[in-house]
Amino acid sequence: MYITLSFKFNSREEMERFLEFLEKHVKTTYLVTTRLTHVYVQLEGEGKELEDAASLVKKLAGLARQQRHTVQIPLVVLFRDADLARPVPPDVIADALKLKGMPSEVRGGVLETAASYEEVLKTVEALSKIYEETERLPLTPQAKKIVVAYAFARGMPVDKAAEELAATGLLNVGSVISLRNTLEETRRRLYALSQARRRS
């Protein structure tokens, strides 16, 4: 079975970026034809595999364009492109970007964000290094998520971030450092704190 998709790009750069994404991320057999800034992609495959490939190609075209206020980044693409020291949970990426003032949310296997793809890639790689740093602290997995996102947003070492968060009443400090409230409630308070800080 075959599916043919056509895309119109605004510039040669966008088109080239799309072709790079295709080469890197599409594993199904495909054929590409270009005419000026039009790209025609013919995919070959069966049933679900073909549908998934078509869906990925459409997402990659959107990512190459980046004209909208919100960029939709498939997580599978992001994690393949990022150079990771340690794995990073997708919700931590969204939290870190939000704390930096860039609205972001994970929906299914896609990160929707106001940040550019390059910014997100840099963020993920930085978060991965911070995750490596947290290995020397006795943090619960949930507390680690909050501390890592906060350390990134504030540009500080993880131990200092944990101290600050404990001082604001968001963390319990004992033999293990844990959240004082649920993860959702802690996030809500953290965003409020970061917005207040940005306003002052």
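In the predicted model, helix α2, spanning residues 47–65, lies across strands β4 and β6 and runs at about 135° to β4. A second helix, α4 (residues 90–99), packs on the sheet as well, where it touches β5 and β6. The direction of α4 makes about 160° with that of β5.

The sheet beneath these contacts is open and consists of three strands in the order β4-β6-β5, paired in antiparallel fashion. Strands β4 (71–74) and β5 (104–107) occupy the edges; each has a single partner strand, so one side of each is left without a neighbour in the sheet. On average, and with direction ignored, neighbouring strands of this sheet are turned by 20° against each other. Strands of a sheet pair through backbone hydrogen bonds, in either a parallel or an antiparallel arrangement. Between β4 and β6 (residues 110–113), which run antiparallel, there are four bridges. Within this pairing, Pro74 stands opposite Val110 of β6.

Within helix α2, attention may be given to Ala54, which is found in this helix. Ala54 has a relative accessible area of 6% and is therefore buried, the cut-off being under 20%. When neighbours within four places in sequence are left aside, the contacts of Ala54 are with Ile3, Leu5 and Leu43. Val41 is separated from Ala54 by 13 residues in sequence, and the C-alpha atoms of Val41 and Ala54 are 9.2 Å apart.

Helix α4 is mostly covered, with seven of its 10 residues buried. These buried residues are Val92, Ile93, Ala94, Asp95, Ala96, Leu97 and Leu99. An α-helix has 3.6 residues a turn, so residues three or four places apart point the same way. Asp95, whose place is in helix α4, has a relative accessible area of 4% and is therefore classed as buried by the same cut-off of under 20%. Residues up to four places away in sequence not being counted, Asp95 touches Ala149, Arg187 and Tyr191. Helix α4 is followed by Gly101, which has a positive phi, near 90°.

Taken together, helix α2 lies across β4 and β6, while helix α4 touches β5 and β6. Each of the two helices contains a buried residue described above: Ala54, with a relative accessible area of 6%, is found in α2, and Asp95, with a relative accessible area of 4%, has its place in α4.

Definitions and conventions
Residues numbered from 1 in each chain as written. Predicted model: local features only at pLDDT ≥ 70, side-chain atom pairs only at ≥ 80, totals over all residues. Heavy atoms only, no water. Pairing = 2+ DSSP bridges. Helix = DSSP H or I, 4+ residues; strand = E, 2+ residues; numbered from the N terminus. Axes fitted to C-alpha atoms, helices over the stretch in contact; angles between N-to-C directions. Contact = heavy atoms within 4.5 Å. Buried < 20%, exposed > 50% of the residue type's maximum accessible area, 1.4 Å probe, protein only.
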